Structures are given as C-alpha cells and as structure tokens.
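This report describes a ligand site and the packing of helices. Please examine the sequence and the structure shown below.

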Amino acid sequence: MITTKLNLEDKLPLTCSRTGTCCHGKTVWLNPWELALISREKKISRTDFIEQFCDFGGIKLKFEGEKGWKDLKSCSQYIPNFGCSVHLGRPLACRLYPLGRQIQSEKVHYIHEGKEFPCLEGCPEVVNLPFMTVGEYIQDQSAGEFEKSQDNHLELMQQLANIAFELFLDTGLAQSGDTETLNEWIKLGEITPDELNVRIGKDWLNALVLPEIESLENPTQFTNQHTQLLLAKAQEQFGTLITFEEVKNASVLIMGVALQLSRSFGADPKSLSIHWVEAAKSHLQ
Ligand code: SF4
C-alpha cells in the first residue's frame, strides 16, 4: 500500500459532503475520552454504549450495520439516508478520514494511503465540491481537541509502559536472570484484543476504559485525571510486591494495559512491544 505524506498546505478534494458514504467497512478505534464523548452524544451510559455498539470492551466501534457503500457493512452509528447519528461526538478517525495522522520522532504527519484519493473514488458528491487544504480540512472538522486527546493518551501509554520497565529493571528482576517477562511482553503484542482483555482482567479494563471522570470538556484535564487514577491504582496494587514472581506478573499486567491503550488510539501493539523489549534489553547491556 502506497502511503503519501501530506503538508498542511496541500490542496485536495477534502471537502466532506457529509453523506456518510465512507462510514462502511472501516476500523474506528475509540480512546477513553472519545468513548465518553460519543456515549454522551448518544445519550446513554458508557457501559450501555460499549454493550450495544463496541467491540473489544469499548475500544472499537462495531461495523455490523446494513450493507451500503461497496457492499460493506456500516458503522453502528450510521443511519441509512441520514448519516452519522453522533456527528458532534464522532471520534478523531472519522474527523480526519480519508487522512491518517502519524507521530514519528515527535513530529506529526498527515497521510493518505493508496494510489487513488478515496473520496474521489467512493463519494460522487465530492467531485463537484471545492478543494480544501489539509489544514483547512482539519479546522473544518473541529479535530483540534481530538488530536490533543490522542497526544495525551500517547503520553499516558508511555507512563504505563514506564511502570512495566521499572518493575522489570529496577527491582532486581532483570538482574536475577529472568527471561520470561520480556517474552510475555512480546506475546501481549501478538494476541488478539479480546485475548489481551482477558489477560489484563475486568478490573484493569474498567479502570482503563471507564474512568470515573465527570467533566469531558477539556481532553487534557480528562487524561490528567485518568493518569492520576491509573497511577494510584498501580501504586496500590504494586507497592507491596515481595517475590520476583509477583513483580513479573505486575510488569506483564501493566504492559498489557499500556498496549491495549495504544490500540485504542490506533497504534500497533505488536511493533510497540518489540520496540519496548529492545529498549529494555539495551538497558541491560
Ligand atoms: S461514528 Fe459516525 S462518522 Fe464515524 S464511522 Fe460511525 S457513522 Fe461514520
């Protein structure tokens, strides 16, 4: 698949016709803030939203609706002949589509994949609309706060992974000759999202996906509060570990939580776990 990097000034057929043509056959992940927002827009609790409309315990929207565009199944939030039922609360992936957003070496890139520009190929209405720059499109889609939220969750993921590192490297576990912990980290990156949920357990999954935070207006405040809740939980559970077996299990558990969080904003747990294992090994040399 060809990936093209875009500049904010690039002008493309990005003006959205808002018909929802593209809401079929996609993968839309939800970070915890996006889950809270979309549930509020739907006017149901997050728990009910997960039960009715999500896969993998609340980190992905179901796409099991009526078949439409290209004979693909529609998003659980799509209403035929109407469009998105949660337009104001739609997540970042929907706001950016057909673009993607990548962060490499702390630099943000916008990309699109494939040879053809998907809006021209799939949405006949767009042909007659004026072109927009990438920057104008992002503004038009009110994506700014959602991008902030993705960046905040990236930081939270790193903090959780740091706990796994500390448990492995700073407790004597690594120096004891343990090889299982890093093998388990790799396995966590390879198993399915549902299997990973089983590994981390309901208690940690709820702490990750359903934090008890009322105010949703500011994504940074939301993630800061979420971070405090998760760090306090880790401190409570991991603060009094005694045996290496307990430390290993704790390191694997919190790494699993970090990897599941990474998936909720579209990162690839497999390459992350490989990267983190290499980083841990480099600390031991
Ligand atoms: S949330 Fe709305 S915009 Fe996003 S895929 Fe579903 S129906 Fe489409």
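The sections below treat the model, the ligand and two helix contacts.

## The model

The structure is a predicted model, in which local features need pLDDT of at least 70, side-chain atom pairs count only at pLDDT 80 or more, and totals for chains, interfaces and linings use all residues. Residues are numbered from 1 along each chain as its sequence is written.

## Around the ligand

Residues near the ligand (C-beta atom, placed from the backbone, within 6 Å of it) include Cys23, Lys26, Leu61, Tyr78 and Arg90. The shell comprises eight nonpolar, two polar and two charged residues. Here Ala, Val, Leu, Ile, Met, Phe, Trp, Tyr, Cys and Pro count as nonpolar, Asp, Glu, Lys and Arg as charged, and the others, Gly among them, as polar.

## Helix α6 with α9

Helices are DSSP runs (H or I, at least four residues), numbered from the N terminus. Helix α6 (residues 144–169) packs against helix α9 (residues 219–238) at about 15°, with axes 9 Å apart. Axes are lines fitted to C-alpha atoms over the stretch in contact, and angles run from 0 to 180 degrees between N-to-C directions. The two helices are therefore roughly parallel, a term for angles under 35 degrees.

## Helix α6 with α11

The axes of α6 and helix α11 (residues 269–284) come within 11 Å and cross at roughly 35°. Ala161, Phe165, Phe168 and Leu169 of α6 meet Trp276, Ala280 and His283 of α11; contact requires C-beta atoms, placed from the backbone, within 7 Å. Six of these residues are nonpolar, one is polar and none is charged.

Technical notes:
Two residues are in contact if their C-beta atoms, placed from the backbone, lie within 7 Å. Angles under 35 degrees count as roughly parallel, over 145 as roughly antiparallel, 65 to 115 as roughly perpendicular and the rest as oblique.
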